[in-house]
Amino acid sequence: MIWLVRKDLLRFFADRQGALMAVLVPVVLAALLGMLFAPREGNSRIGILVADGDGGPAVRRLVEAIDASPSLEVREMKEAEARAKLAAGEASLALILPPGTEAALAPARMFAGVPGTVTLLYDPSDSTEANIAEGLLTQLLMQQVMGGMGDRDGMRKMFVDLEGQLGAQASDELRDFLKSGRTMADDLEPDDGGEGGGVKPPVTFDKQEVVASGPAAGYNSYAHNFAGMLLLFLLFGGQSAAKQLVTERDEGTLLRIRLSPLSPSSILLASGVSAMVVALLTSVAVYAVGMLVFGIRVGSWPGFVLMVVAVCAFVGGFTLLLAGLGRTEQRISAIGSFTVLVMSFVGGAMFPSFMMPEWLQTAAQVLPTHWATRGLAAMTWRGLPFASALLPTAILLVSAGLCALVGIRRFSWR
C-alpha cells in the first residue's frame, strides 16, 4: 500500500502544471469572491450621472456635496444623454433634478408642505446598487437642508415659511412662536394639502427603471442569467472537446486521419468547427426553453443570431487553444477549469459585474466573456438595435481567430 501511495504521489507531482493549478484555482476564486463581499475601500465609489435642470444655488451645493461624498462620484450631463447611457448599459444610476428642486430644498419643507420629487433612474440589473445610492442620497440631502438652519437668515426664513403654511387648526401659542422669528416676507406657496407632523425629507425619490424602447424592453432576470450560465457551460464543453482531441491523438486516430489529403491545420480546424456546431446546437436548445418557458424576448433577431454565432465561434477557437497549450488531458483539465472559471467570474457570467471593484470591471473589458454577456443582454432584455451587436461580435470573432491560430501552432502531434 505504501508503494501504491508513493506511486500516485509521484504521478501527481510529475504534472507540475496540474499540481500548481490545484492550489492556484481555489486561491484565485476565493480572492475574487472575497472582493465581492469585502468592505469597499475609500477609492471605490458608485458612479452616478446628475442632470441639474434647476440650477439654483442650493441645488448646486447639493450636487457638490454628492460629488464630495466618499461613496459617490458625479458626472454631470443633460437628462436625455443620461437616459441614453442607462438604456445602453453604459451607466447604472442617474439623478434627475427638475426645475423646482431649489424651492423643495427649503428647511420649512421638512415640517410642512408637499415634498418635492426628484427622479432616480437605474439600470434594472443593478437594483441593489440603486437602493444603496438612494440611502446615501437621502442622507446627503438631509444634511444639506439641515445646514440651511445653521445660520440666522436661514432660521428666520424657515419661521416665515412655516407661518405661511399654518392651517386654521394651529394654536395661538404656535402662531406666537413663529411670529417671534419672522423677519422676512412669506415667499413659500400656500400649503397644497400637505400636513405637518414631524420632520420629514423635503424631497422624495421617484425610482424608475431605464431600458431601451422596443419589443424586448423590460428587464428579465432569466435573460441575464441564461446568457451567463450558457456561456459558462459552453466553455466547459470546449474543454471537453479539447480533451477528446488529445485522446484521439494518443489513441492514434489523428495519425490515421493525417494519411488523408487534409493538411494538419485543416484537421485541427475541423475539430474547432465541430465544437462550434455543438455549441450552436446547445445554444438553440437552451434559448428555446428560455423563450418558451421563461419569457425571454429578443429585440433584434439578426443581432441576436449574430451574437450567438460569434459566441460559439469563440468556443471553437477556445477548444483549439486548450488543446495546443495543454497537450495532455490532465493539463487541459487544470488550465481549462482555471481559465473558464476566472473568465466567467470576471466577465460577468457568474455574478453581475457591478458587484466587483471598479478596477476589476475595467480589467474585464479585455475578456471575450465580458463582451459576450454584454452583447447578449443588448439583444435581449435591453432591447437595443442591431448596431449594438457589432462591436461585441467583432471582438468575439477576433478572439476566436487568435485562439485558433495559437492552438494550431502549439499543438503537439506526438
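Q: Which residues in helix 12 meet which residues in helix 13?
A: In this predicted model, the helix 12 side of the contact is formed by Phe-314, Phe-318, Leu-322, Ala-323, Leu-325 and Gly-326, and these meet Arg-331, Ile-332, Ile-335, Gly-336, Thr-339, Val-340 and Met-343 in helix 13. Sorted by class, the contact of helix 12 with helix 13 has nine nonpolar, three polar and one charged residues.

Q: How should I read the geometry of that pair, and at what angle do the axes of helix 12 and helix 13 cross?
A: A helix pair can be described by the approach of the axes, by the crossing angle and by the handedness. Here helix 12 (residues 301–326) and helix 13 (residues 329–346) have axes that come within 9 Å and cross at roughly 140°. That angle makes helix 12 oblique to helix 13, because only angles over 145 degrees count as roughly antiparallel. The crossing of helix 12 and helix 13 is right-handed.

Q: What lies in the loop between helix 12 and helix 13?
A: Arg-327 lies in that loop, and its backbone deserves a look, since phi of Arg-327 is near 70°, a positive value in a residue other than glycine. Arg-327 counts as partly exposed, with a relative accessibility of 32%.

Q: Helix 9 also packs on helix 12; at what angle do they pack?
A: Helix 9 (residues 221–251) and helix 12 pack at about 40°, and their axes are 8 Å apart. That makes helix 9 oblique to helix 12, because the roughly parallel class takes angles under 35 degrees. Helix 9 passes helix 12 in a right-handed crossing.

Q: Which residues make up the contact of helix 9 with helix 12?
A: On helix 9 the contact includes Leu-231, Leu-234, Leu-235, Gly-238 and Gln-239, and on helix 12 it includes Val-311, Phe-314, Val-315, Phe-318 and Thr-319. By class, the contact of helix 9 with helix 12 has 14 nonpolar, three polar and no charged residues. Phe-314 and Phe-318 are among the helix 12 residues that meet helix 9, and they are also among those that meet helix 13.

Q: Are helix 12 and helix 16 parallel or perpendicular to each other?
A: The axes of helix 12 and helix 16 come within 7 Å and cross at roughly 20°, and the two helices are therefore roughly parallel to each other. The crossing of helix 12 and helix 16 is left-handed, and by class their contact has 19 nonpolar, five polar and one charged residues.

Q: How do I read a single residue, and is Ser-300 buried or exposed?
A: For a single residue, one can take its place in the secondary structure, then its accessibility, and then its contacts. Ser-300 lies in the loop between helix 11 and helix 12, and it is buried, with a relative accessible area of 10%. Leaving aside neighbours within four places in sequence, Ser-300 is in contact with Met-379, Leu-384, Pro-385 and Phe-386. His-370, found in helix 15 (residues 368–379), is buried as well, with a relative accessible area of 14%, and it touches Gly-347, Ala-364 and Gln-365 when residues up to four places away in sequence are not counted.

Q: How far apart in space are Ala-133 and Leu-93, which are 40 residues apart in sequence?
A: Their C-alpha atoms are 8.3 Å apart. Ala-133 has its place in helix 6 (residues 127–147), where it counts as buried at 0% relative accessibility. Ser-274, in helix 11 (residues 264–293), counts as partly exposed at 43% relative accessibility, and the C-alpha atoms of Ser-274 and Gly-238 are 10.0 Å apart in space across a separation of 36 residues in sequence.

Q: What does the chain look like overall, and how many helices and strands does it have?
A: The secondary structure comes to 16 helices and five strands, and 44% of the 414 residues count as buried. Among the contacts with a separation of 6 or more, 81% are accounted for by residues 24 or more positions apart.

Q: Where in the chain is the confidence lowest, and where is it highest?
A: The chain averages a pLDDT of 80, and 76% of the residues score at least 70. Confidence is lowest in helix 8 (residues 172–179), at a mean of 57, and highest in helix 16 (residues 390–410), at 96. Over residues 183–199 the pLDDT is below 50, and this stretch has 30 contacts in the model beyond near neighbours in sequence.

Notes
Residues numbered from 1 in each chain as written. Predicted model: local features only at pLDDT ≥ 70, side-chain atom pairs only at ≥ 80, totals over all residues. Heavy atoms only, no water. Axes fitted to C-alpha atoms, helices over the stretch in contact; angles between N-to-C directions. Helix = DSSP H or I, 4+ residues; strand = E, 2+ residues; numbered from the N terminus. Parallel < 35°, antiparallel > 145°, perpendicular 65-115°, else oblique. Left-handed = near helix turned anticlockwise from the far one by under 90°. Contact = heavy atoms within 4.5 Å. Nonpolar A, V, L, I, M, F, W, Y, C, P; charged D, E, K, R; others polar. pLDDT = per-residue confidence, 0-100. Buried < 20%, exposed > 50% of the residue type's maximum accessible area, 1.4 Å probe, protein only.
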